[in-house]
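Biologist: I'd like to go through this one with you and ask where each label comes from. Can you keep the definitions handy?

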Amino acid sequence: MSQKSYDGTPTVYLIPTPIGNMEDITLRALNILKSVDVIFSEDTRVTSILLKHYQIEKKLISSHQYNEAKNETKLLSYLEQGKMVGIVSDRGTPVISDPGYELARIAIQNGYNVVGLPGPTALIPALITSGIAPNPFLFYGFLNSKDSKRRKELESLKKIAATLIFYEAPHRLSKTLQDMFQILGNRRVSISREISKKYEEIYRETLENISGQVVDIKGEIVIIVEGNFQGETHDNLTIIEHINLFLKEGMSVKDAIKQVAHERGIHKNEVYQEYHRGD
(Lines give C-alpha, C1' and ligand atoms only; values in the text may rest on other atoms or scores of the structure.)
Protein backbone atom coordinates (compact mmCIF):
# COMPACT_ATOMS: atom_id res chain seq x y z
CA MET A 1 0.00 0.00 0.00
CA SER A 2 1.43 3.35 -1.01
CA GLN A 3 0.86 6.69 0.65
CA LYS A 4 1.45 10.33 -0.12
CA SER A 5 2.82 12.59 2.59
CA TYR A 6 0.77 15.60 1.55
CA ASP A 7 -2.53 14.26 0.19
CA GLY A 8 -4.65 16.05 2.80
CA THR A 9 -5.79 12.89 4.59
CA PRO A 10 -5.39 12.45 8.36
CA THR A 11 -1.71 11.96 9.13
CA VAL A 12 0.47 10.87 12.02
CA TYR A 13 3.75 12.80 12.20
CA LEU A 14 6.77 11.31 13.99
CA ILE A 15 8.55 14.47 15.09
CA PRO A 16 12.18 14.45 16.33
CA THR A 17 12.91 16.92 19.13
CA PRO A 18 16.24 18.23 20.52
CA ILE A 19 18.34 15.79 22.56
CA GLY A 20 19.89 18.70 24.45
CA ASN A 21 20.40 22.01 22.72
CA MET A 22 17.03 23.66 22.05
CA GLU A 23 18.31 25.01 18.72
CA ASP A 24 18.61 21.49 17.30
CA ILE A 25 15.11 21.42 15.84
CA THR A 26 14.17 21.90 12.21
CA LEU A 27 11.87 24.61 10.88
CA ARG A 28 9.68 21.88 9.48
CA ALA A 29 9.36 20.19 12.87
CA LEU A 30 8.30 23.51 14.42
CA ASN A 31 5.73 24.07 11.68
CA ILE A 32 4.30 20.57 12.14
CA LEU A 33 4.12 21.02 15.92
CA LYS A 34 2.13 24.21 15.29
CA SER A 35 -0.21 22.60 12.76
CA VAL A 36 -1.17 19.27 14.36
CA ASP A 37 -4.36 19.04 16.42
CA VAL A 38 -2.92 16.92 19.22
CA ILE A 39 0.48 15.61 20.33
CA PHE A 40 1.09 12.20 21.90
CA SER A 41 4.08 12.78 24.18
CA GLU A 42 6.37 10.38 26.07
CA ASP A 43 6.68 12.92 28.90
CA THR A 44 4.28 15.85 28.78
CA ARG A 45 6.44 17.84 31.21
CA VAL A 46 9.47 17.70 28.90
CA THR A 47 7.38 18.44 25.81
CA SER A 48 5.69 21.36 27.57
CA ILE A 49 9.09 22.99 28.14
CA LEU A 50 9.90 22.68 24.43
CA LEU A 51 6.52 24.03 23.31
CA LYS A 52 6.70 26.93 25.75
CA HIS A 53 10.18 27.81 24.50
CA TYR A 54 8.79 28.17 20.97
CA GLN A 55 5.48 29.68 22.09
CA ILE A 56 3.36 26.77 20.88
CA GLU A 57 0.18 25.71 22.66
CA LYS A 58 -1.19 22.22 21.95
CA LYS A 59 -3.20 19.49 23.62
CA LEU A 60 -0.78 16.86 24.99
CA ILE A 61 -1.58 13.21 25.69
CA SER A 62 0.82 11.11 27.74
CA SER A 63 2.03 8.13 25.70
CA HIS A 64 4.97 6.11 27.00
CA GLN A 65 6.11 2.50 26.98
CA TYR A 66 3.66 1.48 29.70
CA ASN A 67 0.48 2.90 28.16
CA GLU A 68 1.22 3.22 24.45
CA ALA A 69 -0.80 0.15 23.46
CA LYS A 70 -3.80 1.50 25.41
CA ASN A 71 -3.59 4.75 23.44
CA GLU A 72 -4.20 3.04 20.10
CA THR A 73 -7.98 3.50 20.27
CA LYS A 74 -7.52 7.15 21.24
CA LEU A 75 -5.19 7.72 18.30
CA LEU A 76 -7.59 6.12 15.81
CA SER A 77 -10.43 8.22 17.20
CA TYR A 78 -8.56 11.43 16.37
CA LEU A 79 -7.69 10.18 12.89
CA GLU A 80 -11.29 9.10 12.21
CA GLN A 81 -12.30 12.69 13.00
CA GLY A 82 -9.87 13.95 10.35
CA LYS A 83 -7.37 15.27 12.90
CA MET A 84 -3.63 15.60 12.35
CA VAL A 85 -1.57 13.92 15.09
CA GLY A 86 2.00 14.47 16.25
CA ILE A 87 4.10 11.95 18.19
CA VAL A 88 7.19 13.00 20.14
CA SER A 89 9.48 11.28 22.62
CA ASP A 90 11.35 12.94 25.49
CA ARG A 91 14.27 13.73 23.23
CA GLY A 92 15.41 12.61 19.82
CA THR A 93 13.48 10.61 17.25
CA PRO A 94 10.35 8.65 18.21
CA VAL A 95 10.53 4.85 17.71
CA ILE A 96 14.37 4.78 17.93
CA SER A 97 14.77 3.23 21.41
CA ASP A 98 11.76 5.39 22.35
CA PRO A 99 7.96 5.03 22.26
CA GLY A 100 6.05 5.60 19.03
CA TYR A 101 6.26 2.27 17.25
CA GLU A 102 2.91 0.88 18.44
CA LEU A 103 1.00 4.04 17.47
CA ALA A 104 2.72 4.24 14.08
CA ARG A 105 1.99 0.56 13.45
CA ILE A 106 -1.73 0.80 14.25
CA ALA A 107 -2.11 3.91 12.09
CA ILE A 108 -0.43 2.15 9.14
CA GLN A 109 -2.58 -0.95 9.60
CA ASN A 110 -5.70 1.20 9.42
CA GLY A 111 -4.63 2.94 6.22
CA TYR A 112 -3.62 6.33 7.60
CA ASN A 113 -0.57 8.30 6.53
CA VAL A 114 2.48 8.07 8.78
CA VAL A 115 5.21 10.62 8.06
CA GLY A 116 8.63 10.58 9.73
CA LEU A 117 10.55 13.85 9.91
CA PRO A 118 14.37 13.95 9.74
CA GLY A 119 15.97 15.31 12.88
CA PRO A 120 17.97 14.78 16.07
CA THR A 121 19.04 11.34 17.22
CA ALA A 122 22.01 10.62 19.48
CA LEU A 123 23.48 7.69 17.58
CA ILE A 124 24.56 9.65 14.47
CA PRO A 125 26.61 12.41 16.20
CA ALA A 126 28.23 9.73 18.37
CA LEU A 127 29.14 7.65 15.31
CA ILE A 128 30.60 10.44 13.19
CA THR A 129 32.79 11.74 16.03
CA SER A 130 33.98 8.31 17.22
CA GLY A 131 36.92 7.94 14.86
CA ILE A 132 35.67 4.40 14.15
CA ALA A 133 34.68 3.26 10.65
CA PRO A 134 31.11 4.47 10.03
CA ASN A 135 30.11 1.96 7.35
CA PRO A 136 28.58 -0.47 7.78
CA PHE A 137 27.10 0.04 11.22
CA LEU A 138 24.52 -1.79 13.30
CA PHE A 139 22.42 0.15 15.80
CA TYR A 140 21.44 -2.19 18.64
CA GLY A 141 20.03 0.25 21.18
CA PHE A 142 19.92 -0.88 24.81
CA LEU A 143 21.38 -4.24 25.80
CA ASN A 144 19.40 -6.30 28.30
CA SER A 145 19.78 -5.12 31.89
CA LYS A 146 20.19 -8.71 33.18
CA ASP A 147 23.81 -9.85 33.17
CA SER A 148 23.26 -13.30 31.62
CA LYS A 149 20.98 -12.01 28.86
CA ARG A 150 23.31 -9.09 28.09
CA ARG A 151 26.21 -11.50 27.63
CA LYS A 152 24.16 -13.71 25.31
CA GLU A 153 23.29 -10.67 23.22
CA LEU A 154 26.96 -9.70 22.95
CA GLU A 155 27.85 -13.30 22.01
CA SER A 156 25.40 -13.05 19.11
CA LEU A 157 27.10 -9.83 17.93
CA LYS A 158 30.79 -10.72 18.25
CA LYS A 159 31.29 -12.01 14.69
CA ILE A 160 29.44 -9.16 12.97
CA ALA A 161 31.60 -7.17 10.56
CA ALA A 162 29.98 -3.82 11.34
CA THR A 163 30.54 -1.03 13.82
CA LEU A 164 28.22 -1.62 16.77
CA ILE A 165 26.20 1.18 18.39
CA PHE A 166 24.57 0.91 21.82
CA TYR A 167 22.72 3.14 24.26
CA GLU A 168 23.45 2.53 27.94
CA ALA A 169 22.45 3.81 31.37
CA PRO A 170 25.27 5.22 33.56
CA HIS A 171 24.77 2.73 36.40
CA ARG A 172 25.24 -0.23 34.01
CA LEU A 173 28.14 1.18 31.99
CA SER A 174 30.97 -0.44 33.92
CA LYS A 175 29.51 -3.96 33.76
CA THR A 176 28.61 -3.54 30.10
CA LEU A 177 32.17 -2.51 29.18
CA GLN A 178 33.59 -5.43 31.13
CA ASP A 179 31.30 -7.83 29.29
CA MET A 180 32.22 -6.27 25.95
CA PHE A 181 35.93 -6.73 26.63
CA GLN A 182 35.45 -10.32 27.78
CA ILE A 183 33.25 -11.31 24.84
CA LEU A 184 34.17 -9.04 21.92
CA GLY A 185 37.87 -8.79 22.70
CA ASN A 186 40.05 -5.69 22.87
CA ARG A 187 38.45 -3.46 20.24
CA ARG A 188 38.47 0.29 19.79
CA VAL A 189 35.59 2.02 21.51
CA SER A 190 34.14 5.53 21.77
CA ILE A 191 31.81 6.67 24.53
CA SER A 192 29.81 9.87 24.07
CA ARG A 193 27.77 11.41 26.86
CA GLU A 194 25.37 14.34 27.03
CA ILE A 195 25.53 14.99 23.27
CA SER A 196 24.78 18.65 22.38
CA LYS A 197 24.56 19.61 26.06
CA LYS A 198 26.83 21.78 28.20
CA TYR A 199 28.86 18.86 29.58
CA GLU A 200 29.20 16.88 26.35
CA GLU A 201 32.25 14.59 26.40
CA ILE A 202 33.76 11.91 24.18
CA TYR A 203 36.12 9.19 25.42
CA ARG A 204 38.10 7.24 22.79
CA GLU A 205 40.15 4.23 23.84
CA THR A 206 40.22 0.42 23.70
CA LEU A 207 37.82 -1.76 25.65
CA GLU A 208 40.73 -2.93 27.79
CA ASN A 209 41.72 0.59 28.88
CA ILE A 210 38.56 2.66 28.88
CA SER A 211 36.86 1.49 32.10
CA GLY A 212 39.10 3.55 34.35
CA GLN A 213 38.35 6.71 32.37
CA VAL A 214 34.56 6.55 32.61
CA VAL A 215 34.04 5.77 36.28
CA ASP A 216 30.92 7.48 37.64
CA ILE A 217 30.13 9.43 34.47
CA LYS A 218 26.53 10.62 34.26
CA GLY A 219 24.00 11.49 31.60
CA GLU A 220 22.79 9.86 28.41
CA ILE A 221 25.44 7.58 26.94
CA VAL A 222 26.18 6.20 23.47
CA ILE A 223 28.78 3.43 23.01
CA ILE A 224 30.43 2.90 19.61
CA VAL A 225 32.42 -0.36 19.29
CA GLU A 226 34.64 -1.40 16.42
CA GLY A 227 33.19 -4.33 14.50
CA ASN A 228 34.80 -7.68 13.78
CA PHE A 229 36.12 -6.48 10.44
CA GLN A 230 38.89 -9.10 10.44
CA GLY A 231 36.35 -11.89 10.54
CA GLU A 232 38.63 -13.72 12.97
CA THR A 233 36.86 -16.55 14.80
CA HIS A 234 39.79 -18.84 15.83
CA ASP A 235 37.68 -21.82 14.75
CA ASN A 236 40.74 -23.36 13.10
CA LEU A 237 42.70 -23.47 16.37
CA THR A 238 42.80 -26.21 18.98
CA ILE A 239 41.85 -25.18 22.50
CA ILE A 240 45.53 -25.19 23.52
CA GLU A 241 46.51 -23.05 20.51
CA HIS A 242 43.63 -20.69 21.24
CA ILE A 243 44.75 -20.25 24.88
CA ASN A 244 48.38 -19.72 23.83
CA LEU A 245 47.25 -17.00 21.41
CA PHE A 246 45.84 -14.96 24.29
CA LEU A 247 48.82 -15.71 26.53
CA LYS A 248 51.08 -14.17 23.87
CA GLU A 249 48.89 -11.05 23.99
CA GLY A 250 49.62 -10.72 27.71
CA MET A 251 46.54 -12.30 29.25
CA SER A 252 46.85 -14.37 32.40
CA VAL A 253 46.11 -18.11 32.14
CA LYS A 254 42.87 -17.61 34.07
CA ASP A 255 41.65 -14.81 31.77
CA ALA A 256 42.76 -16.66 28.64
CA ILE A 257 40.81 -19.76 29.66
CA LYS A 258 37.74 -17.65 30.38
CA GLN A 259 38.02 -15.84 27.03
CA VAL A 260 38.42 -19.09 25.07
CA ALA A 261 35.37 -20.54 26.82
CA HIS A 262 33.38 -17.44 25.87
CA GLU A 263 34.46 -17.51 22.23
CA ARG A 264 33.79 -21.22 21.80
CA GLY A 265 30.55 -21.25 23.78
CA ILE A 266 31.71 -23.98 26.16
CA HIS A 267 32.12 -24.20 29.92
CA LYS A 268 35.42 -22.82 31.24
CA ASN A 269 36.03 -26.05 33.21
CA GLU A 270 36.23 -27.92 29.91
CA VAL A 271 38.85 -25.47 28.67
CA TYR A 272 40.70 -25.64 31.99
CA GLN A 273 40.86 -29.45 31.91
CA GLU A 274 42.06 -29.48 28.29
CA TYR A 275 44.78 -26.94 29.03
CA HIS A 276 46.11 -28.76 32.10
CA ARG A 277 45.84 -32.23 30.54
CA GLY A 278 49.33 -31.80 29.10
CA ASP A 279 50.91 -30.66 32.40
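Modeller: What follows is a set of questions about labels, each answered by putting a value next to its definition.

Modeller: One caution up front: this is a predicted model, where local features need pLDDT of at least 70 and side-chain atom pairs count only at pLDDT 80 or more, while totals for chains, interfaces and linings use all residues. Residues are numbered from 1 along each chain as its sequence is written, and side-chain values use heavy atoms, with hydrogens and water left out.

Biologist: Fine. Why is Gln 259 called buried?

Modeller: Buried means under 20% relative accessible area, exposed means over 50%, and partly exposed is in between, using a 1.4 Å probe and protein chains only. Gln 259 has a relative accessible area of 2%, so it counts as buried. Gln 259 sits in helix α10, residues 253–264; helices are DSSP runs of H or I with at least four residues, strands are runs of E with at least two, and both are numbered from the N terminus.

Biologist: What makes the link between Gln 259 and Gln 182 a polar contact?

Modeller: A polar contact is a pair of N or O atoms within 3.5 Å; within protein, one must be able to donate a hydrogen and the other to accept it, and residues adjacent in sequence count only if both atoms are side-chain atoms. Here a polar atom of the Gln 259 side chain lies 2.8 Å from the backbone oxygen of Gln 182.

Biologist: And which residues does Gln 259 touch, leaving aside neighbours within four places in sequence?

Modeller: Contact means heavy atoms within 4.5 Å. With those neighbours left aside, Gln 259 is in contact with Phe 181, Gln 182, Ile 183, Gly 185, Phe 246 and Met 251.

Biologist: What about Ile 257, buried or exposed?

Modeller: Ile 257 is in helix α10 too, and its relative accessibility is 6%, so it counts as buried. Leaving aside neighbours within four places in sequence, its contacts are Ile 243, Lys 268, Val 271, Tyr 272 and Tyr 275.

Biologist: Why does Leu 177 count as buried?

Modeller: Its relative accessibility is 1%, so Leu 177 is buried. Leu 177 lies in helix α7, residues 173–184. Outside its neighbours within four places in sequence, Leu 177 is in contact with Ile 191, Leu 207, Ile 210, Ser 211, Val 214 and Ile 223. The C-alpha atoms of Leu 177 and Glu 208 are separated by 8.7 Å, with the two residues 31 apart along the chain.

Biologist: Now the opposite case. Why is Gln 55 called exposed?

Modeller: Gln 55 reaches 76% relative accessibility, so it counts as exposed. Gln 55 lies in the loop between α2 (44–53) and β3 (59–62), and has a positive phi of about 55° although it is not a glycine.

Biologist: And what makes Asp 216 exposed?

Modeller: Asp 216 comes in at 64% relative accessibility, so it is exposed. Asp 216 has a positive phi of about 65° without being a glycine, and its place is in the loop between α8 (207–210) and β10.

Biologist: How do you know that β8 pairs with β9?

Modeller: Two strands pair if DSSP finds at least two bridges between them. Six bridges join β8 to β9 (residues 201–206), and the strands run antiparallel; Arg 188 stands opposite Thr 206 in β9. β8 also pairs with β10 (residues 221–225) in the antiparallel sense, over five bridges, with Ser 192 opposite Val 222. In β8 itself, residues 188–193, five of the six residues are buried.

Biologist: What makes something a cavity and not a pocket?

Modeller: On a 1 Å grid over the protein atoms alone, a cavity is a set of points where a 1.4 Å probe fits but cannot get out, whereas a pocket is an open set with protein on both sides within 12 Å along at least five of seven lines; lining residues have an atom within 4 Å of a point. The structure holds one cavity of 30 Å³ or more. Residues lining the largest cavity include Phe 40, Glu 42 and Leu 103.

Biologist: Last one: where is the cis peptide bond?

Modeller: Between Asn 135 and Pro 136, with omega about -10°. Pro 136 lies in the loop between α5 (123–128) and β6 (137–142).

Note on methods. Grid points are joined across faces, edges and corners, and a volume is the space filled by probe spheres set on the points.
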